[in-house]
Amino acid sequence: MTILSLQNIAKNFGAIQAIVDVSFNIKEAEIVGLMGDNGAGKSTLLKIIAGNFNPSSGVIKFEDQEVHFEKPIESREAGIEVVYQDLALCNHLTAAANVFLGREINKGIWPFRYLDYPSMFKKSAELFEELKSETRPKDLVMQMSGGQRQAVAIARTRLTNPKLVLMDEPTAAISVRQVVEVLDLIKRLKDNGISVLLISHRMPDIFQVCDKLVVLRRGEKVCDKLIKHSSTEEATGLITGAIDRV
Amino acid sequence: MKFNKDIISKSEKTSFQKFLSEQSFWVTIALILICFVMYFVEEAFSSKDNVYNIARNFSFIGIMAISMTLVIITSGIDLSVGSIMGLTGIICGLFLDAQYLPEWYSKSAFYESNYVWVGIVFALIAGIIIGAVNGYLIAYLNLSSFVVTLGMMAIARSLAIVVSNNKMFYEFGPKDEMFFKLGGGQFLGLANITWLLIFLTILMGLVLNYTTYGKHVYAVGSNKKAAELAGINIRWIEMSVYMLSGFFAAISAVMIVSWMGSVTNGLGYTYELRVIAASVIGGANLMGGVGGTYGAFIGAALMETIRNSLLMAGIDPNWQGTFLGIFIVAAVWLEKVKNKKNN
Ligand SMILES: Nc1ncnc2c1ncn2[C@@H]1O[C@H](COP(=O)(O)OP(=O)(O)O)[C@@H](O)[C@H]1O
Ligand SMILES: [Mg+2]
């Protein structure tokens, strides 16, 4: 079953054509790798799906319904969660507070509503456990390693039961050991029936976890095929332009 | 679902280590040391009257330092609190002097003392409105809090002078006794204003730590972009802290006018410095994301105690500004050293 369908999406910022007529589908429990050079338009495409930007033209269908997300909160309510490139975490808050940011659990009745810390600590501990991460709910994000920060950002997406998770460069700027952790986390999402759009320009990541490969070059889609029918050499050629398109 | 329950109780630092790393803890220690020394050096310091006076004096600053702390947590600053205090104090005095009652109100139910409440409520509303203007410009028009509140500092002070016609107000009508009791009265050995400070410290401390609103205040100061992506109404959070700042400045103004029994347009002049100093000494971080109401309380207490001690030690009061300035810079410097150690 198709979860997300992009049809002829285009986006321009003034004179800059960031996305040119891009179409592809993401199926249920499918991990789609989105590759491309810096400035190819990967983040822009992700932000269009997430509702940060409106597309200049084109149609987005989510679960066979045409959608127009005006704000990130709307796509989230529809079942799309996002892990942003810069992670978007609050350093001064605990891991648990970051997981529940904007979706805090409260107790009591107004005006005596107060935060239900025990429930939030418990739930976030469960999520970290599920993600096989050593992150502790009460630790401040400030003191965390890159891998742990990723776990917090990914745990955020597991609060609800999303249909689709968008991830922008989740393995950039973390150590090799942590990369393995994050890739495991992504596989676990798939095991739970969740579809993932994974942006990365690390070839091994994509070929380890993805089912399908989409390559953008200067805003145009130049590749859309199953990963088992492709190779790292072909992907490199497509990204650099040595191979025009397949 | 099965999971390791121990992970919840574990954290990088134990509660005790966290406690030791709090700036407000060390300020409390410093305060106790000073009191200890003064107790032996200067007999008059620990007299009941002197302790009462110190507590009352820092309460006016402390109340404003609480709301200033919220502003600083969002990584903003409010330079206009002193002037808001002046203007709202004048508004309070003006209405009391006129014994003003709204037309509809005086007809519907007339009690002789009602004009007192009208004056107080008008001053408080004025404080909230001025804060809302600050907050709107900062949160919705994205202007720098430094510039907006610097402008408001000049505007509110000048309005205070214009509105008061450079007059002093001290005739507060037939029920002035009732008004004077508010700020001048005491209860169980502490001034009313000190009780109010204690109450607000606890109340706002609970709000900051145990409500969604409080969490969002920290989140906005820590990472505004992340807070926005999480669906938090960051503009409203930012605007609200300036409204609170205006409101608390007005509360302080009403209480101080009631205690002094008169008001001039010079009320609260340069108080913003003392208020900001109290918050920062108490551990509020000007970079945002860090601070607490107990810090505001103890920061205000420390400054007033030092001021009082210096006076008792016979040091020329003109030196106070120098000490105040050194404290502010030292607190910010300490903060920087501490942050370096953490990273
Ligand atoms: N908000 C924006 N305003 C103007 N141009 C933008 C904006 N965001 C991205 N761009 C432009 O769109 C192009 C694609 O950027 P981006 O999607 O960030 O690339 P990638 O994530 O693949 O490195 C770049 O040329 C970039 O300069
Ligand atoms: Mg990018």
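**Exercise 1. A pocket shared by two chains**

Task: In this predicted model, find which helix gives the most to the lining of the second largest pocket, then describe that lining and the chain A segment in it.

Solution.
Step 1. Start with the main contributor. Helix α10 of chain B, residues 192–210, gives five residues to the lining of the second largest pocket, the most of any element.

Step 2. Add the volume. The second largest pocket holds about 460 Å³.

Step 3. List the lining. From chain A come A:W110, A:P111, A:F112, A:R113 and A:Y114. From chain B come B:L203, B:M204, B:L206, B:V207, B:Y210 and B:T211.

Step 4. Sort the lining by class. Nine residues are nonpolar, one is polar and one is charged.

Step 5. Check the backbone on the chain A side. The peptide bond from A:W110 to A:P111 is cis, with omega near 0°. A:P111 sits in the loop between β7 (106–107) and β8 (114–115) of chain A.

**Exercise 2. An enclosed helix**

Task: Decide how far the span of helix α5 of chain A agrees with the expected value, and state which elements its buried residues pack against.

Solution.
Step 1. Compare the spans. Helix α5 of chain A covers residues 146–157, twelve in number. From first C-alpha to last it reaches 17 Å, close to the 16 Å expected at 1.5 Å a residue.

Step 2. Count the buried residues. Buried means under 20% relative accessible area. Ten of the twelve residues of α5(A) are buried, so the helix is largely enclosed by the rest of the structure.

Step 3. Name them. The buried residues are A:G147, A:R149, A:Q150, A:A151, A:V152, A:A153, A:I154, A:A155, A:R156 and A:T157.

Step 4. Find the partners. In chain A, these buried residues pack against the helices α2 (72–78), α3 (95–99), α4 (117–130) and α6 (176–191). They also pack against the strands β6 (80–83) and β9 (164–168).

**Exercise 3. Two cavities**

Task: How many cavities of 30 Å³ or more are there, and what lines the largest cavity and the second largest cavity?

Solution.
Step 1. Count. There are two cavities of 30 Å³ or more.

Step 2. Take the largest cavity. Its volume is about 180 Å³. Sixteen is the size of its lining; of these 16 residues, A:R76, A:V82, A:Y84, A:R156 and B:L229 are the closest to the centre.

Step 3. Assign its lining to elements. Two or more residues each come from α2, β6 and α5 of chain A and from α12 (224–229) of chain B. β6(A) gives the most, with four residues.

Step 4. Classify the lining of the largest cavity. Twelve residues are nonpolar, one is polar and three are charged.

Step 5. Turn to the second largest cavity. It contains about 70 Å³ of space. Its lining is A:T94, A:A96, A:A97, A:F100, A:E104, A:L115, A:Y117, A:M120, A:F121 and B:K215.

Step 6. Repeat the assignment for the second largest cavity. α3 and α4 of chain A each supply at least two lining residues. α4(A) gives the most, with three. By class, seven residues are nonpolar, one is polar and two are charged.

**Exercise 4. The interface**

Task: What area is buried between chain A and chain B, and which residues of chain A lose the most area to chain B?

Solution.
Step 1. Count the residues in contact. Chain A provides 34 and chain B provides 31.

Step 2. Give the area. About 2700 Å² is buried between the chains, and carbon and sulfur atoms give 64% of this area.

Step 3. Pick out the leading residues. A:H92, A:R136 and A:K138 lose the most area in chain A, together 19% of what that side buries.

**Exercise 5. Positive phi and a strand residue**

Task: Which phi values do A:D21 and B:L188 have, and is each residue buried or exposed?

Solution.
Step 1. Recall the background. Most residues other than glycine have a negative phi.

Step 2. Examine A:D21. Its phi is positive, about 45°, although it is not a glycine. A:D21 lies in strand β2 of chain A. At 47% relative accessibility, A:D21 counts as partly exposed.

Step 3. Examine B:L188. Its phi is positive too, near 50°. B:L188 lies in the loop between β1 (186–187) and β2 (190–191) of chain B. Its relative accessibility is 69%, so B:L188 counts as exposed.

Step 4. Add A:N25, also in strand β2 (residues 16–27) of chain A. A:N25 has 33% relative accessibility and is partly exposed. Beyond its neighbours within four places in sequence, A:N25 contacts A:T2, A:L4, A:S5, A:L6, A:E30, A:V32 and A:K212.

Technical notes. Residues numbered from 1 in each chain as written. Chains lettered and ligands numbered in written order. Predicted model: local features only at pLDDT ≥ 70, side-chain atom pairs only at ≥ 80, totals over all residues. Heavy atoms only, no water. Expected span 1.5 Å × (residues − 1). Buried < 20%, exposed > 50% of the residue type's maximum accessible area, 1.4 Å probe, protein only. Contact = heavy atoms within 4.5 Å. 1 Å grid on protein atoms, 1.4 Å probe; cavity = no way out; pocket = protein on both sides within 12 Å on 5 of 7 lines; lining within 4 Å. Points joined across faces, edges and corners; volume = space filled by probe spheres on them. Nonpolar A, V, L, I, M, F, W, Y, C, P; charged D, E, K, R; others polar. Buried area = accessible area lost by both parts, 1.4 Å probe.
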